Amino acid sequence: MRFGFIYLWYDTKRKKYYLGSHIGTLNDGYVGSNRRLQSAYKSRPDSFKRSILESYDNITPKELLKREQLWLDKIKPEELTIRYYNEKNVAASGDIVSNLSEEKK
């Protein structure tokens, strides 16, 4: 059991969001697993604002992914990659394919 949180980045320049989760501390420098988000953040970090949606003192990585999935389910599929940096609405901790059902693969 570790500290974990669900976060939402907002890119003020491109008007896009990124939703994710992280096991670690709030100030450990983690941005997200999405490469497009990482690239944009690296080139202009002052354009990004992060909100913490939920935090947990004692949570397993699996439980945190379940909580993240509840938030991702609120994103309309047509908003993925357009309004969000997220490409899939699957909580997979950066490993989307391994966590997909056979049908979705």
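Student: What makes Asp11 count as buried?

Tutor: Buried means under 20% relative accessible area, exposed over 50%, and partly exposed in between, with a 1.4 Å probe and protein chains only. Asp11 comes out at 0%, so it counts as buried. Keep in mind that this is a predicted model, where local features need pLDDT of at least 70, side-chain atom pairs count only at pLDDT 80 or more, and totals for chains, interfaces and linings use all residues. Residues are numbered from 1 along each chain as its sequence is written, and side-chain values use heavy atoms, with hydrogens and water left out.

Student: Why is the contact between Asp11 and Arg44 called a salt bridge?

Tutor: The term asks for a side-chain nitrogen of Lys or Arg within 4 Å of a carboxyl oxygen of Asp or Glu. Here the N to O distance is 2.8 Å, so the pair fits the definition. Asp11 sits in strand β1 and Arg44 in the loop between α1 and β3, 33 residues apart.

Student: And what is Arg44, buried or exposed?

Tutor: Buried, because its relative accessible area is 13%.

Student: How do you know that Arg36 and Glu87 form a salt bridge?

Tutor: Their closest N and O atoms are 3.5 Å apart, so they pass the cut-off.

Student: What makes Arg36 partly exposed?

Tutor: Its relative accessible area is 34%, so partly exposed is the right label. Glu87 is partly exposed too, at 45%.

Student: What about the side chains of Arg83 and Glu79?

Tutor: They meet in a salt bridge at 3.2 Å, N to O. Arg83 is partly exposed at 38%, whereas Glu79 is buried at 17%.

Notes
Helix = DSSP H or I, 4+ residues; strand = E, 2+ residues; numbered from the N terminus.
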